[in-house]
Structure formats: structure tokens, C-alpha cells
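Student: I've got a new model open and I'd like to practise reading it with you. Can we go through it feature by feature?

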Amino acid sequence: MTSDDATATAAPQGIRARNRAALEEEILEAGRRHLARDGAAALSLRAIARDLGMVSSALYRYVANRDDLLTLLIVAAYTSLGDAVEQAHGAIPKDDLVGRWDAIAHGMRAWALAHPHEYALVYGSPVPDYAAPAERTTEPGTRVQVLLVRLLADATRTGRLAPADPDGRDTALAEQAVGPMVRGEFFDGSGVDARTLMAGLGAWSLVMGALSTELFEQLGPDAVSDREAWFTSMVTMARGLVLAP
């Protein structure tokens with residue numbers, strides 16, 4: 001085969017790949033619209049195919065079934081979230097631990113407010129009869145947690161951790177609760193111990209609880225006069241569980 005023949009063969013393959021990628025993105029966008037309108041449990045490939053002017057059998061060339069579409073939507077949501085939070089975190093100097101904590105939390109909120117239905121998909125109620133495949137969702141789904149572990153590791157290394165309970169009870173309880181987790185591969189080489197991990201989990205649970213409370217309207221329409229100030233206050237209180245003043 002000459003170089004011209006190879007180029008001629010590669011060109012149609014490249015076009016087909018681009019066309020497939022464009023159609024896959026159309027499917028995901030239609031899935032997001034249905035997610036917003038009907039919820040994850042009611043997601044229907046037949047309805048999505050109808051929206052796209054396709055027969056269902058053609059759609060199955062790109063998406064195996066409803067669960068496969070849910071997984072694609074989850075991975076896309078986690079990827080979008082990870083990109084947004086990493087960008088916010090990356091704008092802060094490495095030695096500014098307070099700024100990094102705030103950037104992660106506020107980056108998370110900014111993304112969630114812009115993508116409330118995708119936030120609900122990945123952090124809301126489980127979808128009935130669906131289990132996310134770990135081999136496809138764990139890596140994109142832990143990108144924010146990787147940033148938090150790096151922050152905990154840097155706080156440990158620089159002596160910036162919030163002080164422990166002097167009687168040692170929190171350390172003993174933390175070891176009982178998350179000792180096996182902190183010795184797992186995810187934390188390998190970080191220097192983070194069980195007490196630090198427990199403080200981080202507690203702090204991040206407060207942030208996520210505040211965010212979910214806001215997005216799912218659990219405070220009522222008039223309970224908080226300034227939601228930005230309310231969230232910032234919660235982030236500050238959570239930060240105090242991890243970082244020393």
C-alpha cells in the first residue's frame with residue numbers, strides 16, 4: 001500500500017470516528033434533557049431515540065441499554081465536575097492551604113449550581129435497579145477526593161493540621177472507623193493517618209451536606225437570606241476541623 005492509499009483509508013476512518021463522537025455527544029445531551037425533565041429512574045432509550053429522530057435499534061449501536069446510558073451520564077458528570085474543581089484548585093498557590101480548601105468547596109458548589117440535575121444523579125438518591133460499575137466510575141468519581149487527600153497530606157507535612165483531642169479518644173475512634181481505609185492503595189504514600197482522614201471526612205461531609213441542603217431546597221425558600229454567605233460560613237466551619245488557624 002502506498003502512502004497515498006494509507007491516507008485515503010485513514011481519512012474515512014477519521015471521519016467516521018468524528019461522526020460517532022458527535023452522535024454520542026448528542027445522545028448524552030438528550031439524556032441530560034430527559035434527566036432534568038423526568039429524573040434518572042424514568043430514563044428511556046426509546047424516548048431519547050425519538051427525540052433524535054432515530055429508531056431504537058440504531059441507538060443500541062451506541063448505547064447498550066438504559067444502565068449503560070446512566071453510566072455514560074455519570075462518567076460525563078464526574079468528568080465535568082473534576083475539570084471544574086481542578087481548574088479552581090489549580091489557580092491557588094500550593095502553600096495556601098486555606099485557599100485550596102475554599103477553592104475546592106466553592107468550585108464544587110459553582111459546578112453543582114450550574115448542573116443541578118447531574119449533581120442529583122451522582123450525589124442524590126440511588127437509581128432503583130441500577131448499580132454503577134466501579135471499573136468505569138471510580139476513577140472519574142474520585143478526582144475531587146484526590147485533591148482533598150493531597151491537601152490533607154500537605155497539611156500533615158507542614159504541621160498545619162487542626163489539633164487532635166488531647167485525651168486521644170478521637171484517634172482511637174478514627175482508627176476503629178477508617179484504619180483499614182487509610183492503609184489502602186488510595187492513600188499510599190500520603191502520610192495521612194486515620195485521625196486526619198476522619199477529620200477530613202467530617203469536614204467534607206459538612207460541605208456536601210450544606211450543598212445538598214441548598215440544592216434540594218431543604219431549608220425552605222426564605223430560611224436563608226444570603227445563600228452565598230451561608231455556604232461560605234459552612235465551608236469556614238468545616239475547614240476548622242482540618243486546618244489549624
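Tutor: Sure, and let's start with burial: a residue is called buried when its relative accessible area is under 20%, exposed when that is over 50%, and partly exposed in between. Keep in mind that this is a predicted model.

Student: With that cut-off, what share of the protein chain counts as buried?

Tutor: Of its 245 residues, 40% count as buried. The accessible surface comes to about 13400 Å², and carbon and sulfur atoms account for 55% of that.

Student: How many helices and strands does the chain have?

Tutor: Eleven helices and zero strands. The C-alpha trace spans about 70 × 55 × 35 Å along its principal axes. As for how the fold is wired, take the contacts between residues at least 6 apart in sequence: 71% of them join residues at least 24 apart.

Student: Is there a record annotation to go with this, and how should I read it?

Tutor: UniProt, in an unreviewed entry, places "domain: HTH tetR-type" at residues 21–81. Treat such a label with some care, since annotations may be inferred rather than shown by experiment. In the model, that stretch is 74% helix and 0% strand, with its end C-alpha atoms 21 Å apart.

Student: Let's go inside. What's the general idea with cores?

Tutor: In soluble globular proteins, nonpolar side chains tend to be buried together. Here the largest nonpolar core has 63 residues, and L69, W101, M108 and W204 are those with the most contacts inside it.

Student: Which residues does W101 touch, leaving out its sequence neighbours up to four places away?

Tutor: The contacts of W101 include L148, L151, A203, W204 and V207, and also V235, A238, R239 and L243.

Student: And L72, buried or exposed, or something in between?

Tutor: L72 is at 29% relative accessibility, so it counts as partly exposed. This leucine lies in helix α4, residues 66–90. Beyond residues up to four places away, L72 touches L28, V63 and R136. Its C-alpha is 13 Å from that of A131, which is 59 residues away along the chain.

Student: Which residues make a nonpolar patch on the surface?

Tutor: M181, M198 and L201 make one of about 250 Å². L201 sits in helix α10. Its relative accessible area is 35%, so L201 is partly exposed.

Student: On to charges. How do I read a salt bridge?

Tutor: Look for a side-chain nitrogen of Lys or Arg within 4 Å of a carboxyl oxygen of Asp or Glu. By that rule there are 15 salt bridges.

Student: Where is the pair E29 and R32?

Tutor: Both are in helix α1 (residues 3–38), three residues apart, about one turn of the helix. Their N to O distance is 3.1 Å. E29 is partly exposed at 36%, while R32 counts as buried at 18%.

Student: What about R109 and E214, how far apart are they from N to O?

Tutor: They meet at 2.8 Å. This pair links distant parts of the chain, with R109 in helix α5 (residues 97–114) and E214 in helix α10 (residues 194–215), 105 residues apart. R109 is buried, at 7%, and E214 is buried too, at 5%. Elsewhere, shared partners join E25, E29, R32 and E118 into one network of salt bridges.

Student: What does a salt bridge look like further out on the surface?

Tutor: Try D38 and R37, whose side chains meet at 3.4 Å, N to O. R37 is exposed, with 57% relative accessible area, and D38 is partly exposed with 38%.

Student: Last one: backbone angles. What should catch my eye?

Tutor: Most residues other than glycine have a negative phi. D129 has a positive phi of about 60° although it is not a glycine. You'll find D129 in the loop between α6 (116–123) and α7 (134–141), and it is exposed, with a relative accessible area of 76%.

Student: What is the phi of E217?

Tutor: It is positive, at about 55°, and E217 is not a glycine. E217 belongs to the loop between α10 and α11 (227–239), and it is partly exposed, with a relative accessible area of 46%.

Key. Residues are numbered from 1 along each chain as its sequence is written. This is a predicted model: local features need pLDDT of at least 70, side-chain atom pairs count only at pLDDT 80 or more; totals for chains, interfaces and linings use all residues. Side-chain values use heavy atoms; hydrogens and water are left out. Helices (H or I, at least four residues) and strands (E, at least two) are DSSP runs, numbered from the N terminus. Buried means under 20% relative accessible area, exposed over 50%, partly exposed in between (1.4 Å probe, protein chains only). Contact means heavy atoms within 4.5 Å. Patches are made of residues with over 30% relative accessible area and no salt bridge: like charges are joined within 9 Å, nonpolar side chains (Val, Leu, Ile, Met, Phe, Trp, Tyr) within 5 Å. Accessible areas come from the Shrake-Rupley method with a 1.4 Å probe; for residues, only the protein chains shown count as cover. A nonpolar core is a set of buried Ala, Val, Leu, Ile, Met, Phe, Trp, Tyr and Cys residues joined through side-chain atoms within 4.5 Å.
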